[in-house]
Amino acid sequence: MSEVQQDIPLKARILLSHAYFQNIATKNKIDVLHIKGYVFGADTYRPGRLSSDVDLLVRPAHVDRLVNILLEDGWSILTHFETGSIFEHASTIYHPTWGLADIHRYFPGLGYEDPVWAFEELWSRRRHKEIANFFCDTPSIIDARLLVIVHNGRSKANNRADTQYLKDTLTSEEWKSIEQRSRELRAELAFDTALGNIEKHKGEPYYLLWKAISEDVPPFVEWWARLERTPGLTAKLDLLKKIFFVNTDHLAMELGHSPSQSEIRERFISRFRFKRTNLS
Amino acid sequence: MSNLLQRANETAFAFGEDIENSPDGTIYVADLRTSEIFCFSGSAAVIWCLLDDAITKEKLIELVAETFGEEPSTIRAETLNFVDGLISQNLLERS
């Protein structure tokens with residue numbers, strides 16, 4: 001009649017884990033917005049679109065507390081905020097029951113200089129959406145659609161199907177409301193990048209960063225873009241270490257185990273080999 | 001203590017119909033406190049659905065019998081056995 005945790009489909013785990021996170025958030029008075037994936041669903045994405053994890057945007061002041069609670073509840077960190085991406089915005093965590101989740105401490109492309117303000121903007125218009133028969137906090141429909149487009153700005157031009165779907169299916173009024181919201185949330189650069197119009201922003205702060213992430217450019221352009229937007233010598237040196245030292249989180253995922261010192265050393269040295277090969 | 005039973009607050013559930021490659025009539029139930037997921041099918045899934053509102057055991061037996069076109073006495077033992085299992089797993093609580 002019933003069984004426990006055998007062959008539970010991925011989608012079931014994901015739907016139920018939204019409820020899990022909302023329950024944790026509510027019990028601990030942590031402000032969390034469920035973003036992307038199945039929680040956005042059919043009012044934002046094309047039918048049948050699959051998802052592989054849960055994404056949460058957390059009020060910046062609540063991030064550390066949430067992560068600590070999750071670690072105590074059986075989650076482990078796969079990538080840290082500092083090593084997850086060039087935006088250093090999300091940490092990927094894993095639980096044997098629930099699977100993968102990305103904890104966002106801010107959303108790249110929205111209100112860069114003030115993630116607290118950006119979260120509050122989204123939070124103030126949030127809706128409660130039922131998922132797995134549990135009410136979860138998620139951005140308004142307009143904000144959800146904007147987040148999807150802004151997120152697509154981080155993809156290469158041939159991988160922006162979600163934005164194209166919205167362009168093809170929304171009315172002009174609906175599209176205008178998203179454009180308007182992109183200005184209110186100071187997200188024009190990411191928004192225009194997703195639409196292939198990044199050159200409208202040439203010379204602006206973060207232009208090079210979005211150029212580097214959305215187009216095929218040499219690695220040094222990305223490094224320069226990151227350095228350009230990093231204030232202070234100490235922070236720049238820290239960034240250089242991150243760029244040139246081996247990302248042990250990513251290496252661990254690649255190897256399937258925590259890398260040994262010799263594996264880290266081998267990876268570090270292999271970069272020089274690659275460089276010599278290129279020069280020869 | 002009340003005789004009314006209801007689903008525990010810290011549970012969630014998803015229907016197999018919403019999930020690709022999942023048999024129809026299946027319900028995945030999660031205990032959000034313990035991170036356990038249970039898979040209910042057949043009469044178990046029906047009983048879980050009938051627990052939408054707080055209900056007594058006797059009323060539940062009556063509804064299960066009506067759903068399956070059986071006499072209450074025929075399904076009584078199996079229903080009570082399942083409900084007691086839910087209570088012992090803390091998936092049901094008294095309202």
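How many salt bridges does the structure hold over all chains? The count comes to 23. Keep in mind that this is a predicted model. Here's a quick tour, starting where chain A and chain B meet, then moving on to a sheet in chain A and a helix that packs on it.

**Where the two chains meet**

- On the chain A side, 24 residues are in contact with chain B, and on the chain B side 25 residues are in contact with chain A.
- Putting the two chains together buries about 2,100 Å² between them, and carbon and sulfur atoms give 66% of that area.
- Just one salt bridge is counted between chain A and chain B. It joins the side chains of Lys27(A) and Glu10(B), with 2.9 Å from N to O.
- There are also six residue pairs in polar contact across this interface, with both residues of each pair at pLDDT 80 or more.
- Which elements of chain A give two or more residues to the side that touches chain B? They are strand 1 (2–4) and helix 1 (10–27).
- Helix 1 of chain A supplies the largest share of that side, with nine residues.
- Sorted by class, the side of chain A that touches chain B has 13 nonpolar residues, six polar ones and five charged ones.

**The sheet in chain A**

- Chain A has an open sheet of five strands, which run in the order 2-3-6-5-4 with mixed pairing.
- Strand 2 (32–35) and strand 4 (76–79) of chain A are the edge strands, so named here as each pairs on one side only.
- From one strand to the next, the twist averages 35 degrees.
- Strand 3 (residues 54–58) and strand 6 (residues 99–104) of chain A pair up in the parallel sense, over four bridges.
- For a concrete spot to look at, find Leu56(A): its bridge partner in strand 6 of chain A is Ile103(A).

**Helix 5 and its link to helix 8**

- Helix 5 (residues 115–124) of chain A packs on the sheet, where it touches strand 2 and strand 3 of chain A.
- The direction of helix 5 makes about 75 degrees with that of strand 2 of chain A.
- Glu121(A) and Arg181(A) form a salt bridge, and their closest N and O atoms are 3.0 Å apart.
- Glu121(A) sits in helix 5 and Arg181(A) in helix 8 (residues 172–184) of chain A, so this pair ties together parts that are 60 residues apart in sequence.

Definitions and conventions
Residues numbered from 1 in each chain as written. Chains lettered and ligands numbered in written order. Predicted model: local features only at pLDDT ≥ 70, side-chain atom pairs only at ≥ 80, totals over all residues. Heavy atoms only, no water. Contact = heavy atoms within 4.5 Å. Buried area = accessible area lost by both parts, 1.4 Å probe. Salt bridge = Lys/Arg side-chain N within 4 Å of Asp/Glu carboxyl O. Polar contact = N/O pair within 3.5 Å; in protein donor to acceptor, adjacent residues only side chain to side chain. Nonpolar A, V, L, I, M, F, W, Y, C, P; charged D, E, K, R; others polar. Pairing = 2+ DSSP bridges. Axes fitted to C-alpha atoms, helices over the stretch in contact; angles between N-to-C directions.
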